[in-house]
Amino acid sequence: MDKRKKPKFNIGDTVVITIYGTVGKVTDVKWLDGLHVYEINKSEGLYLETSLQMLSEYEGKLLEKEQIDIEYKFFFGDLVQVKGYGSDLFKVVGFRTEIWRYKEDAWEDVIYELSRIKDGEWLEAGEEELTLVADSESADTFIQKLGLLFSANKEVRPSVNLDKKAHHPRAGEKEELRKINQKRVTIDHLLDIYNDYRILYKWFNDDEYAHVMRVIIRKLSMLVNNDGKSHV
């Protein structure tokens with residue numbers, strides 16, 4: 001019959017890992033090759049009895065655990081601009097914290113992983129390089145409004161069969177009403193985009209925003225004055 005000596009430490013004991021000076025609890029005891037080995041804090045590594053000591057008996061110096069509180073300014077899905085990239089828009093797709101410790105200095109760097117909206121190009125940038133344009137909740141709406149600016153410059157002209165039109169006198173009226181309604185919707189969207197860019201220009205004073213505002217004004221002027229008829 002295999003006679004094993006009793007383990008020096010039991011599950012739940014608070015011990016010091018003497019080679020590191022760190023404190024932990026025994027979470028498992030195993031018997032390997034005639035020796036007791038111990039699992040500490042459910043970690044993957046196992047420790048011999050000779051590397052452990054009861055906390056109440058330890059006289060060496062304990063290493064203090066450091067608690068670091070990181071405050072993140074940006075989160076997943078936020079729409080941002082990056083210093084040096086003009087008015088390009090990026091979406092936050094990830095972030096990480098790099099912790100630096102030296103004998104006489106210490107700091108933490110927050111690195112954000114970004115995807116550029118127009119082409120998906122991946123970029124890493126520090127927190128100080130970013131400026132929030134829209135938070136994650138309003139980012140998609142903001143991007144959709146930008147897309148409408150470009151689609152509004154493409155006029156869709158439906159083909160009309162003149163022979164069929166002669167047999168359906170009300171078809172022309174329906175088409176005219178559809179065009180009027182479409183124009184009103186387009187004007188509303190352009191006004192929304194103009195207001196968004198006006199806010200951005202006020203924040204960043206970037207000439208590219210002013211340029212977009214001028215383009216929108218020209219488009220609105222064309223929509224209002226270039227319809228060939230007066231609609232009430």
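Contact, as I use the word here, means heavy atoms within 4.5 Å.

**Ground rules**

I am reading a predicted model, in which local features need pLDDT of at least 70 and side-chain atom pairs count only at pLDDT 80 or more, while totals for chains, interfaces and linings use all residues. Residues are numbered from 1 along each chain as its sequence is written, and side-chain values use heavy atoms, with hydrogens and water left out.

**Entry: D88**

I started with D88 and asked which residues it touches beyond its neighbours within four places in sequence. I found V80, Q81, R116 and K118. D88 sits in the loop between β6 (79-82) and β7 (90-102); strands are DSSP runs of E, at least two residues long, numbered from the N terminus. Is D88 buried or exposed? It counts as buried, at 17% relative accessibility (buried is under 20% relative accessible area, exposed over 50%, partly exposed in between, with a 1.4 Å probe and protein chains only). I also noted a polar contact of 2.9 Å between the side chains of D88 and R116. Such a contact is a pair of N or O atoms within 3.5 Å; within protein, one must be able to donate a hydrogen and the other to accept it, and residues adjacent in sequence count only if both atoms are side-chain atoms.

**Entry: the sheet**

Next I followed the strands. Five of them form an open sheet, in the order β9-β8-β7-β6-β10, with antiparallel pairing; two strands pair if DSSP finds at least two bridges between them. Why do β9 (122-126) and β10 each have one side without a neighbour in the sheet? Both stand at the edges and have a single partner strand each, so one side stays free of a neighbour. I then looked at β7 and strand β8 (residues 105-116), which run antiparallel and are joined by twelve bridges. One bridge I looked up starts at E98, whose partner in β8 is D109.

**Entry: V133**

I moved on to the edge strand β10 (residues 130-134), where V133 is found. V133 is buried, with a relative accessible area of 9%. Not counting residues up to four places away in sequence, V133 touches L79, V80, Q81, L89, F142, L200 and W203. I also checked F90, 43 residues from V133 along the chain: their C-alpha atoms are separated by 9.4 Å.

**Entry: S51**

My last stop was S51, in the loop between β4 (46-48) and β5 (52-54). S51 is buried too, at a relative accessible area of 11%. Apart from neighbours within four places in sequence, S51 is in contact with V16, I17, T18 and I19. From S51 to V15 I noted 9.9 Å, C-alpha to C-alpha, across 36 residues of sequence.

Notes
Helix = DSSP H or I, 4+ residues; strand = E, 2+ residues; numbered from the N terminus.
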